[in-house]
Amino acid sequence: MTSRNKTRGPLGLFARYLPILDWGRQYDRNALSNDLIAAVIVTIMLIPQSLAYALLAGLPPEAGIYASIVPIMLYAVFGTSRALAVGPVAVVSLMTAAAIGNVAEAGTMGYAIAALTLAFLSGTILLVMGVFRLGFLANFLSHPVIAGFITASGILIAASQLKHILGVSAGGHSLLELMVSLIAHLGDTNWITLIIGVSATAFLFWVRKGLKPLLRKAGLGPRMADVATKAGPVAAVVVTTVLTWGLNLGTHGVAIVGEVPQSLPPLTMPSLSPTLVGQLFVPALLISIIGFVESISVAQTLAAKKRQRIDPDQELIGLGAANIGAAFTGGYPVTGGFARSVVNFDAGAETPAAGAFTAVGLAIAAIALTPLVYYLPKATLAATIIVAVLSLVDFSILKKTWSYSRADFFAVAGTILLTLGFGVETGVSAGVILSIALHLYKTSKPHVAEVGLVPGTQHFRNVLRHRVETDDRVLNLRVDESLYFVNARFLEDLIQSRVAQDCPIKHVVLMCSAVNEIDFSALESLEAINRRLGELGISLHLSEVKGPVMDRLRKSHFLDELTGAVHQSQYDAWAALTGRRPLPAAAE
């Protein structure tokens, strides 16, 4: 547990919402050195990546740089992860393009304002969820469904960038629309652009897989080899930009980035138009959920490696502040990125100050380096995106879920197909619905085992899996799920069916060791079960009821009307109802 939970006195409340007060008090020269080194490495990586993701979102390239400056600084103040790097990411960029593409035309002022508004709405949603501690809502999006959505999104993103590799005009929100559009424009392919795009893609794939081992064999240290590998995209940017400039390829149809404003992030204002807010609210909600789930999974993974703690609700506040910051500084929705966060962690980042230093580096780049990207081919940025997102594609989740859980498999497959077939908004909406539906399906038919006594012990096990003692007069049922409105009727029907088969039954014992909650609907079902069994001359008993559940039952009339009794343990119930003598303690 981090020391921020131990904070006492006047700073206690502030430290809870401002984690910087915790790690800032412990900051030293060694942490400063490590954070600066990490910031240099991440800045080198982020310059081409930020430009590329802005292109993916349909925004001017500078929007990617702007979205990587103030948001990182705000997260450093409010976030709890020591290594999370916040900024534009591929999936959120694609979702941004899909959302604002429905309300404005790309390249217009309305499109840019819609992006600011989307960031503001997303930030506000995250902030409200954090203040009211609603981080648990993200748990309703299951991991297999998230994996399916990210896999499909990776394919869509890569397909959407092929138009820049080919140098043609094409579009579409689904894979089919993209492929049909690309095929229709194949005759317009610019061969110089194609050569640049294919060469840059091949080079970046080689950099990712083969450059580091080659540098290590050449005698370069692991740290320097890693830095050189991370700088691979920068090398591709420099070489293709120089070639385009030197050979004047822009006049031969090669699309270039063009003029990028040489300035710090401007002060911007999102629109609060009720019409625009209404159009963007649902996409903003979906972006908030996906962004938070992606961010928190990365943050927790990296924190676990250093035995640090992540506060999910405070993360919501940190990400909310970052998105609101993006809305007022010319950006668009941001979240914690996997690749940049891993690079930040591997580079030795000790605190969120590494992110703040990265923001300073990007600010310097925005002022001093933007003229240098005028001749940067868009095909190179597309290659950067393709190489980055294809690492997100993971079809092994289909094989894993097929062998482990068919229900999860169909949820993953459904999410992938819907995302590819109808676009990211439909895909993520379907993912949320499928996750909730899957949870309801699994809990609607809880595992209920008939149990018997393991000879010579006081333990009870499933009669279908173990050799156990049973008594025809006593039906022992272990309910392996909390009881609530979705599964209450299932338990009624199961007990009714079981007692109808077996006339000698005089007692039914519900073993509640796995029941954490009984809601009002389930309480009414228990009352109905108790009443019907009583009419058949059968008594209903409960055993091993947990304290919180028992407290709730005591507030009702159910215990007064119970035809049987509540037993502390299942063995107590067995001994009382069968007339067996309790085993001595040694027999346990």
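Student: Contact here means heavy atoms within 4.5 Å. With that in hand, what percentage of the contacts in the protein with a separation of 6 or more comes from residues 24 or more positions apart?

Tutor: Good place to begin! This is a predicted model, where local features need pLDDT of at least 70 and side-chain atom pairs count only at pLDDT 80 or more, while totals for chains, interfaces and linings use all residues. Residues are numbered from 1 along each chain as its sequence is written, and side-chain values use heavy atoms, leaving out hydrogens and water. Among contacts with a separation of 6 or more, the share from residues 24 or more positions apart is 79%.

Student: How many helices and strands does the protein have?

Tutor: Both are DSSP runs numbered from the N terminus, helices being H or I over at least four residues and strands E over at least two. Taken along the principal axes, the C-alpha atoms fill a box of roughly 95 × 60 × 60 Å. Within the protein there are 26 helices and eight strands.

Student: What percentage of the residues is buried?

Tutor: Buried means under 20% relative accessible area and exposed means over 50%, with partly exposed in between, using a 1.4 Å probe and protein chains only. Of the 588 residues in the protein, the buried ones make up 52%.

Student: In what order do the strands of the open sheet lie?

Tutor: Two strands pair if DSSP finds at least two bridges between them. The six strands of this open sheet have mixed pairing, and their order is 4-3-5-6-7-8. Strand 4 (460-462) and strand 8 (566-567) each pair on one side only, which leaves them as the edge strands of the order 4-3-5-6-7-8.

Student: Which helix packs on the sheet, touching strand 6 and strand 7?

Tutor: Strand 6 (residues 507-511) and strand 7 (residues 539-543) run parallel and are joined by five bridges; Leu510 has Leu542 in strand 7 as its bridge partner. The helix touching these two strands makes about 140° with the direction of strand 7. That angle runs from 0 to 180 degrees between N-to-C directions, with axes as lines fitted to C-alpha atoms, for helices over the stretch in contact. The helix in question, at residues 520-535, is helix 23.

Student: Which residue of strand 6 stands opposite Leu477?

Tutor: Strand 5 (residues 474-479) has six of its six residues buried. Val474, Asn476 and Arg478 cover one face, while Leu475, Leu477 and Val479 lie on the other. Five bridges join strand 5 to strand 6, and the two run parallel. Opposite Leu477 in strand 6 stands Leu510.

Student: Which residue of strand 5 is the bridge partner of Ala449?

Tutor: Strand 3 (residues 448-453) runs antiparallel to strand 5, with three bridges between them. Five of the six residues of strand 3 are buried, so it is largely enclosed by the rest of the structure. The bridge partner of Ala449 is Arg478.

Student: In the turn between strand 3 and strand 4, which residue has a positive phi?

Tutor: Three bridges join these antiparallel strands, and Gly452 stands opposite Arg461 in strand 4. Strand 3 and strand 4 form a hairpin with six residues between them. With a positive phi of about 80°, the turn residue is Gly456.

Student: Is Arg82 buried or exposed?

Tutor: Arg82 sits in the loop between helix 5 (70-78) and strand 1 (86-87). Leaving aside neighbours within four places in sequence, its contacts are Asp22, Trp23, Gln308, Ala349, Glu350, Thr351 and Pro352. Its relative accessible area is 19%, so Arg82 counts as buried.

Student: Just after helix 16, which residue takes a positive phi?

Tutor: Helix 16 (residues 338-346) has Arg340, Ser341, Val343, Asn344 and Phe345 as its buried residues. These pack against helix 3 (29-56), strand 1, helix 12 (222-230), helix 14 (274-305) and helix 17 (353-368). Just after the helix, phi is about 100° at Gly348.

Student: What separates the C-alpha atoms of Asp394 and Ala147?

Tutor: Asp394 lies in the loop between helix 18 (378-390) and helix 19 (396-404). Its relative accessible area is 32%, so Asp394 is partly exposed. Asp394 and Ala147 are 247 residues apart along the chain, and their C-alpha atoms are separated by 7.5 Å.
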